Amino acid sequence: MDFAKHSSAQPPRPGDLLSTLSTPLPVIDEDVLASNIERVQSYMDSHGLAFRPHIKTHKIPSLARQQVEAGARGINCQKITEAEVFADAGFEDILITFNILGEQKLARLAALNERIADLKVVADSIVTVTGLAAYFTARKPLTVLVECDTGGGRCGVQTPDEAAALARGIVASRSLKFGGLMTYPKANTEAAVEHFFIATMAYLAVDGIDCAIRSNGGTPSLFNAHLVPTATEHRAGTYIYNDRSMVRAGHCALEDCAMHILATVVSRPTPERAILDAGSKALTSDLLGFGDYGLILEYPDARIVGLSEEHATVDLSRVDGIRPDIGERIRIVPNHTCVVSNLFDTMTFHREGVVTRVEAVAARGLVW
């Protein structure tokens, strides 16, 4: 593909060449996308695991449909407003992995629970459970999973005993149904997850409480999911696009990254500095342990060392030989693809540099 041609201001349309499109622009390779979906679904199927993709990576109903058509069972959303968009698109099996508190959110949650067949949420405290139980009295019962901290250090009850105690509180409520356990662990801690699930299930068995769902999660060590045999399902989002952090984690190779950010060199103030038109409004400011803000494929030794709103500052001091000129177009693999999705109204898909479709990022900006 020739990424050095001049761009136009024409909005992307099927049949357009990427080399003619205005930048900055995220683009998705259809073939890499399809391969990522097939690769992960085949792995899950081979190990008898239900797979629940997390849609926060793409926020696009048609992509979730591709995932379900490939064999995924239901979807994972992070917020109620995201789930509403996907319910509107016809999805019936939705897990929201977030503690939901407050009258406004509970009202929206109850309305969502009435209109789809299989809504599930999580809770990690008696405060959250009590709020849910009180609001759903005299309403359609809500299914609640206990969120467990198996080492990730974010939300979740801290011990199997606490998990079992919270499960008992859910069971005791007439307006809630206990659905099972959920965790978002650190990568490569499968033994800790398995131990936590087994210990919690043993406590629950004493009380005759069924634990139908044991939901594990995460993309970085996704291909170790079979090392948690007690889990009934796995959740992952980033795998569909992949990004620089997933390459570093060993989950994929650079060629498995379906999303690139097209950008243009707009200034060369010094021999060792270039400025791109892709600032913090186009590239994520997440470093995720990197020392820069994305990998430039054409110049891998260059470093994006700073972002302002509309500009990216690139250090060229390590680039031997030819360096980029003003007007040159480059491709960036972002550190964290999920954040980039939430920065744009639409996503442009292509096959071998020819636009195939343009999809609205339907759940963009829906953060509660």
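**Exercise 1. A salt bridge across the sequence**

Find the acidic partner of R351 in this predicted model, and say how exposed the two residues are.

*Solution.*
Step 1. Look for the partner. R351 forms a salt bridge with D31. Their closest N and O atoms are 2.9 Å apart.
Step 2. Place both residues. R351 sits in strand β16, and D31 sits in helix α1, residues 30-46. The pair links distant parts of the chain, 320 residues apart.
Step 3. Check exposure. R351 has a relative accessible area of 39%, so R351 is partly exposed. D31 has 38%, so D31 is partly exposed too.
Step 4. Set the pair in context. The count for the model comes to 17 salt bridges.

**Exercise 2. A network of charges**

Which residues are linked with R52 in a network of salt bridges? Work through two of the pairs.

*Solution.*
Step 1. Start with R52. R52 forms a salt bridge with E233, and the closest N and O atoms are 3.1 Å apart.
Step 2. Ask what this pair joins. R52 lies in strand β2 (residues 50-53) and E233 in strand β9 (residues 233-236), so the salt bridge ties together parts 181 residues apart in sequence. Both R52 and E233 are buried.
Step 3. Move to D93. D93 forms a salt bridge with K120, with the closest N and O atoms 2.7 Å apart.
Step 4. Place this second pair. D93 is in strand β4 (residues 93-96) and K120 is in strand β5 (residues 118-123), so parts 27 residues apart in sequence are tied together.
Step 5. Compare burial with the cut-off. Buried means under 20% relative accessible area. D93 has 22%, so D93 is partly exposed. K120 has 4%, so K120 is buried.
Step 6. Put the network together. R52, D93, D118, K120 and E233 are linked by salt bridges.

**Exercise 3. The surroundings of E233**

Is E233 buried or exposed? Which side chains make polar contacts with the side chain of E233?

*Solution.*
Step 1. Read the accessible area. E233 has a relative accessible area of 7%, so E233 is buried.
Step 2. Find the polar contacts. The side chain of E233 makes one with the side chain of R52, at 3.1 Å. The side chain of E233 makes another with the side chain of S215, at 2.7 Å.
Step 3. List the contacts. Leave aside neighbours within four places in sequence. E233 then touches L49, A50, R52, L95, I213, R214, S215 and N216.

**Exercise 4. Two cysteines without a bond**

How many disulfides does the count give? Explain the result for C77 and C252.

*Solution.*
Step 1. Recall the idea. A disulfide is a covalent bond between the sulfur atoms of two cysteines.
Step 2. Take the count. The count comes to zero disulfides.
Step 3. Check C77. C77 is in no disulfide, and the nearest cysteine sulfur, in C338, is 13 Å away. With a relative accessible area of 0%, C77 is buried.
Step 4. Check C252. The closest cysteine sulfur to that of C252 belongs to C257, at 4.6 Å, which is too far for a bond. The cut-off is 2.5 Å. C252 is buried, with a relative accessible area of 9%.

**Exercise 5. Where two domains meet**

Describe the interface of domain 1 and domain 2.

*Solution.*
Step 1. Set the bounds. The assignment gives domain 1 as 18-28 + 252-360, and domain 2 as 47-241. Their C-alpha centres lie 34 Å apart.
Step 2. Count the contacts. On the side of domain 1, 14 residues touch eleven residues of domain 2.
Step 3. Take the area. About 910 Å² is buried between the two domains, and carbon and sulfur atoms give 58% of this. In domain 1, T337, C338 and S341 lose the most area to domain 2, together 38% of what that side buries.
Step 4. Look at the polar side. The rule finds zero salt bridges across this interface. Four residue pairs across the interface are in polar contact.
Step 5. Name the elements. On the domain 1 side, α9 (337-341), β16 (346-351) and β17 (354-360) each give two or more residues.

**Exercise 6. The buried face of a helix**

Which residues of helix α5 are buried? Which elements do they pack against?

*Solution.*
Step 1. Recall the geometry. An α-helix has 3.6 residues a turn, so residues three or four places apart point the same way.
Step 2. List the residues. Helix α5 spans residues 126-135, and its buried residues are T128, V129, L132, A133 and Y135.
Step 3. Find the partners. The buried residues of α5 pack against α4 (103-115), β5, β6 (142-148), α6 (160-172) and β7 (176-183).

How values were computed
Residues are numbered from 1 along each chain as its sequence is written. This is a predicted model: local features need pLDDT of at least 70, side-chain atom pairs count only at pLDDT 80 or more; totals for chains, interfaces and linings use all residues. Side-chain values use heavy atoms; hydrogens and water are left out. Buried means under 20% relative accessible area, exposed over 50%, partly exposed in between (1.4 Å probe, protein chains only). Domain bounds come from an automatic or database domain assignment. Contact means heavy atoms within 4.5 Å. Buried area is the accessible area (1.4 Å probe) that two parts lose on being put together, summed over both. A salt bridge is a side-chain nitrogen of Lys or Arg within 4 Å of a carboxyl oxygen of Asp or Glu. A polar contact is a pair of N or O atoms within 3.5 Å; within protein, one must be able to donate a hydrogen and the other to accept it, and residues adjacent in sequence count only if both atoms are side-chain atoms. Helices (H or I, at least four residues) and strands (E, at least two) are DSSP runs, numbered from the N terminus.
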